[in-house]
Amino acid sequence: MINTDILIIGAGPTGLFTVFEAGLLKLKCHLIDALPQPGGQCSEIYPKKPIYDIPAYPEILAGDLTNKLLEQSKQFEPGFTLGERAQTIEKQLDGSFVVTTNKGTKHKAPIVAIAGGLGSFEPRKPAIDRLQSFEDKGVAYIIKDPEVYRDQKVVIAGGGDSALDWAIFLSEVASEVILIHRRNEFRGALDSVDKVQELKDKGLIKLITPAEVTAVFGDSKLEAIEVTKLGEPPLRIKTDNFIPLFGLSPKLGPIADWGLEIEKNAIKVNNALDYQTNIPGVFAIGDVNNYPGKLKLILCGFHEATLMCQAAYKIINPGKRYVLKYTTVSGIDGFDGTRKEAPKAVVKSID
Amino acid sequence: MTQDIHIQIIDRDGTPHNVQAPTDMALNLMEVVRLFELAPEGTIGICGGMAMCASCQCYVQSNHKLTEKLDDEHAMLSEAFNVKPTSRLGCQIQISPELEGLKIELAPED
């Protein structure tokens with residue numbers, strides 16, 4: 001069981017900034033995210049794209065914003081459960097919550113802050129008959145451990161970065177790599193495209209384009225796929241593995257079943273006060289919430305996170321008075337023992 | 001004074017909606033769909049309009065001459081599902097007076 005003060009669901013910009021604001025109030029945070037890395041959409045969808053409306057940054061790349069936020073909150077030592085999706089929430093007798101992920105990891109906290117953006121990113125699955133019945137029996141949408149494919153035959157479908165990068169990587173691990181894409185052109189970093197060309201010329205990757213996987217076959221596990229090239233009869237290819245890599249799309253997912261009030265695919269919160277949901281102790285901040293006048297902007301998420309932390313402080317420290325302190329005046333005491341503070345003025349007489 | 005244009009948008013349930021879209025707000029077609037709430041929030045324009053998801057895919061049913069697809073859109077449509085020859089990404093179609101009478105159908109959600 002992981003214990004913390006504020007359990008944050010979603011490690012995007014809003015979730016990451018919550019760690020900082022909570023830290024100022026001496027509250028410890030732990031974050032859960034379905035993606036294997038922090039940053040949410042900023043790192044998954046558009047890390048190389050610029051953002052122009054982060055205060056004081058005329059321009060910052062989404063990936064750089066993620067790194068800056070991680071750096072800013074580092075001294076408050078956030079914990080991370082990455083690559084796991086928050087699945088269930090159970091209220092405990094002492095008023096706290098236990099949140100369990102799809103992999104069974106349990107987290108306990110008096111406050112839950114849902115900063116889930118548009119939801120957890122789930123792989124997009126092509127519509128092929130019986131595909132789902134071969135999941136984990138030769139069909140996978142995410143590659144977790146490439147060693148699984150050692151000396152096996154692998155078919156990858158897709159035309160983006162992940163399809164290219166994994167085809168390159170697995171060409172050294174698997175006994176055979178076939179890459180199937182609907183077009184002859186690939187969308188990805190130029191050097192990945194060049195590398196695939198090189199491996200294709202060396203016979204280490206087999207390319208089938210423009211084509212689509214149209215059927216899967218097997219009994220207890222995947223044994224073959226059918227690939228159809230435009231205007232040609234379908235071809236059956238023996239393989240041990242089929243990995244469709246068509247990107248990820250966000251789904252609100254299990255959170256929708258937590259008894260929260262949902263409105264426009266978002267969680268309704270009280271914006272007059274503290275962004276609390278209809279369940280006391282559970283807050284929703286950033287793109288995942290909704291209230292009159294809501295704007296889905298990163299900068300609004302930062303504001304919501306800040307007010308939410310004040311409310312969390314009051315719940316965790318009932319009756320305790322609080323006076324706002326400015327970081328410039330008080331400095332920052334990290335949980336790791338570090339201290340940041342403004343340099344003291346030099347007082348010296350002039351003769 | 002710029003004129004609004006008339007667009008028919010068939011939603012994912014097959015219901016047609018006739019809307020008037022302003023041409024002076026630098027809107028794209030995906031944003032028009034959101035403006036009139038013709039698809040639930042969170043199911044359209046997920047990437048914000050960068051041609052990096054296909055949640056705003058639509059089928060163009062009228063014979064309007066649209067701007068050519070750029071590489072981004074081509075690439076995204078090559079990975080999307082339910083793609084037809086008439087498929088476009090709504091976020092890549094800017095609303096302009098030439099689109100008067102445009103008719104489109106939203107592609108199913110993935």
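Helices (H or I, at least four residues) and strands (E, at least two) are taken as DSSP runs, counted from the N terminus. With that in hand, here are some exercises on this predicted model.

**Exercise 1. Place A:Asp151 in chain A, and decide whether the residue is buried or exposed.**

Solution. Start with the neighbouring elements: A:Asp151 sits in the loop that links strand S11 (120-123) to strand S12 (153-157) of chain A. Next, look at the backbone: phi of A:Asp151 is near 60°, a positive value although the residue is not glycine. For comparison, most residues other than glycine have a negative phi. Finally, count neighbours: a residue is exposed if 12 or fewer other C-beta atoms lie within 10 Å of its own. A:Asp151 has 9 C-beta neighbours inside 10 Å, so it counts as exposed.

**Exercise 2. Do the same for B:Asn82.**

Solution. B:Asn82 belongs to the loop between helix H2 (71-79) and S4 of chain B. Its phi is also positive, near 60°, in a residue other than glycine. Since 13 other C-beta atoms lie within 10 Å, B:Asn82 is partly exposed.

**Exercise 3. Describe the peptide bond from A:Thr209 to A:Pro210.**

Solution. Check omega: the value is near -20°, and the bond is cis. Most peptide bonds, by contrast, are trans. Then locate A:Pro210, which is found in the loop from strand S14 (206-208) to strand S15 (211-218) of chain A.

**Exercise 4. Work out the strand order of the open sheet of 5 strands in chain A, and find what packs on the sheet.**

Solution. Follow the pairing across: the order is S6-S3-S2-S10-S22, and the strands pair in parallel. Strand S6 (79-82) and strand S22 (282-284) of chain A are the edge strands, each pairing on one side only. From one strand to the next, the twist averages 20°. Helix H6 (residues 298-316) of chain A packs on this sheet, touching strand S2 (6-9), strand S10 (111-114) and S22. The direction of H6 makes about 165° with that of S10(A). Now zoom in on one pair: strand S3 (residues 29-33) of chain A is joined to S6(A) by 4 bridges. Within S6(A), A:Leu82 is the bridge partner of A:Asp33.

**Exercise 5. Analyse the open sheet of 5 strands in chain B.**

Solution. Here the order reads S2-S1-S5-S3-S4, and the pairing is mixed. Strand S2 (16-21) and strand S4 (87-89) of chain B are at the edges with a single partner strand each, so one side of each has no neighbour in the sheet. On average, neighbouring strands are turned by 35° against each other, direction ignored. Strand S3 (residues 57-60) and strand S5 (residues 102-106) of chain B run antiparallel and share 3 bridges. B:Cys58 has B:Leu106 as its bridge partner in S5(B).

**Exercise 6. Test the length of helix H3 (residues 62-73) of chain A, and find its buried side.**

Solution. At 1.5 Å a residue, the 12 residues should span 16 Å; the end C-alpha atoms are 17 Å apart, which agrees. The buried residues in H3(A) are A:Ala62, A:Leu65, A:Thr66, A:Leu69 and A:Ser73. They cover an arc of only 100° around the axis, so they lie on the same side of H3(A). Their cover includes helix H1 (13-24), helix H2 (41-44), strand S4 (50-51) and strand S5 (60-61) of chain A.

**Exercise 7. Take stock of the contact between chain A and chain B.**

Solution. Chain B contributes 14 residues and chain A 22 residues. On the chain B side, the residues divide into 8 nonpolar, 3 polar and 3 charged.

Conventions. Residues numbered from 1 in each chain as written. Chains lettered and ligands numbered in written order. Predicted model: local features only at pLDDT ≥ 70, side-chain atom pairs only at ≥ 80, totals over all residues. Contact = placed C-beta atoms within 7 Å. Nonpolar A, V, L, I, M, F, W, Y, C, P; charged D, E, K, R; others polar. Pairing = 2+ DSSP bridges. Axes fitted to C-alpha atoms, helices over the stretch in contact; angles between N-to-C directions. Expected span 1.5 Å × (residues − 1). Buried ≥ 20, exposed ≤ 12 C-beta atoms within 10 Å, placed from the backbone. Arc of directions from axis to C-beta.
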